[in-house]
Amino acid sequence: GNRRRRYQSSSSDRAPCPSVGDNLDSQMANDMFFPLQIVPNSCATFALLSVLLNTPGIDVGPFLTHLKDFTEGYDPESKGYAIANLPQLKLIHNKFSGPSYPNSDSVFLLSSSRAKVYSQAAVFHFSSYVPINGRLWELDGLKQSPVDHGRIEEGTS
């Protein structure tokens, strides 16, 4: 079946990163497109997806629209696994990934533990800063939750 798990801010094994400003609403984490990066060396792909799928008015095409619709309401970890299990996205990712990876076929494999992702992190890391509902959110797939950097004044972007 299609199991949807919700982000639980009270979980003892996954304490969320502290937010700046208001406390993170766990429903907000589920409603925005925020996947945990469970795939080693894929931070740029995850960062781009976070920008594209949280920005209204962008035609992302049928493939990414389906991904967003399918993962609607999923917790960040489940969204990460959904991305990791898309062969089409693996092909696109590997096509554009840099030659610095020893084996490009292993770039987009599932990691059995999040610690493995940290130990294999590349020298460079990419994350997103996205305005969502009048607030600036840091969406970094290596963090347990989005980080709220506060209100964005009207008329600014």
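Tutor: Let's start with pairing: two strands pair if DSSP finds at least two bridges between them. Keep in mind that this is a predicted model.

Student: Happy to. Which residue in S2 is the bridge partner of tyrosine 129?

Tutor: Glutamate 138 is the partner of tyrosine 129. That bridge belongs to a pairing of S1 with strand S2 (residues 135-139), which is antiparallel and covers five bridges.

Student: In what order do the three strands form the sheet?

Tutor: The order is S1-S2-S3, in an open sheet with antiparallel pairing. Strand S1 (128-132) and strand S3 (147-151) each have a single partner strand, so they stand at the edges and one side of each lacks a neighbour in the sheet. From one strand to the next, the twist averages 25 degrees.

Student: How many helices and strands does the protein have, and what pattern do they follow?

Tutor: There are six helices and three strands. Along the sequence the pattern reads α-α-α-α-α-α-β-β-β.

Student: And where does H2 lie with respect to the strands?

Tutor: Helix H2 lies across S1 and S2, and runs at about 15 degrees to S1. One residue of H2 (residues 43-52) is leucine 48.

Student: Is leucine 48 buried or exposed?

Tutor: Here a cut-off helps: exposed means over 50% relative accessible area. Leucine 48 counts as exposed because its relative accessibility is 56%. On the surface, Leu48 joins Leu52 and Ile58 in a nonpolar patch, and together the three have about 250 Å² of accessible area.

Student: Now methionine 32: where is it found, and is methionine 32 buried or exposed?

Tutor: Look in the loop between helix H1 (26-31) and H2, where methionine 32 is found. Its relative accessibility is 3%, so methionine 32 counts as buried.

Student: Which residues is methionine 32 in contact with, leaving aside neighbours within four places in sequence?

Tutor: They are Asn54, Lys79, Ile132, Trp137, Leu139 and Pro146. Also compare backbone positions: methionine 32 and leucine 53 are 21 residues apart along the chain, and 8.4 Å separates their C-alpha atoms.

Student: Let's step back to the whole protein. What share of its contacts joins residues at least 24 apart?

Tutor: Among contacts between residues at least 6 apart in sequence, the share is 66%. As for burial, 42% of the 157 residues are buried. The accessible surface comes to about 9200 Å², and carbon and sulfur atoms account for 54% of that surface.

How values were computed:
Residues are numbered from 1 along each chain as its sequence is written. This is a predicted model: local features need pLDDT of at least 70, side-chain atom pairs count only at pLDDT 80 or more; totals for chains, interfaces and linings use all residues. Side-chain values use heavy atoms; hydrogens and water are left out. Patches are made of residues with over 30% relative accessible area and no salt bridge: like charges are joined within 9 Å, nonpolar side chains (Val, Leu, Ile, Met, Phe, Trp, Tyr) within 5 Å. Accessible areas come from the Shrake-Rupley method with a 1.4 Å probe; for residues, only the protein chains shown count as cover. A salt bridge is a side-chain nitrogen of Lys or Arg within 4 Å of a carboxyl oxygen of Asp or Glu. Helices (H or I, at least four residues) and strands (E, at least two) are DSSP runs, numbered from the N terminus. Buried means under 20% relative accessible area, exposed over 50%, partly exposed in between (1.4 Å probe, protein chains only). Axes are lines fitted to C-alpha atoms, for helices over the stretch in contact, and angles run from 0 to 180 degrees between N-to-C directions. Contact means heavy atoms within 4.5 Å.
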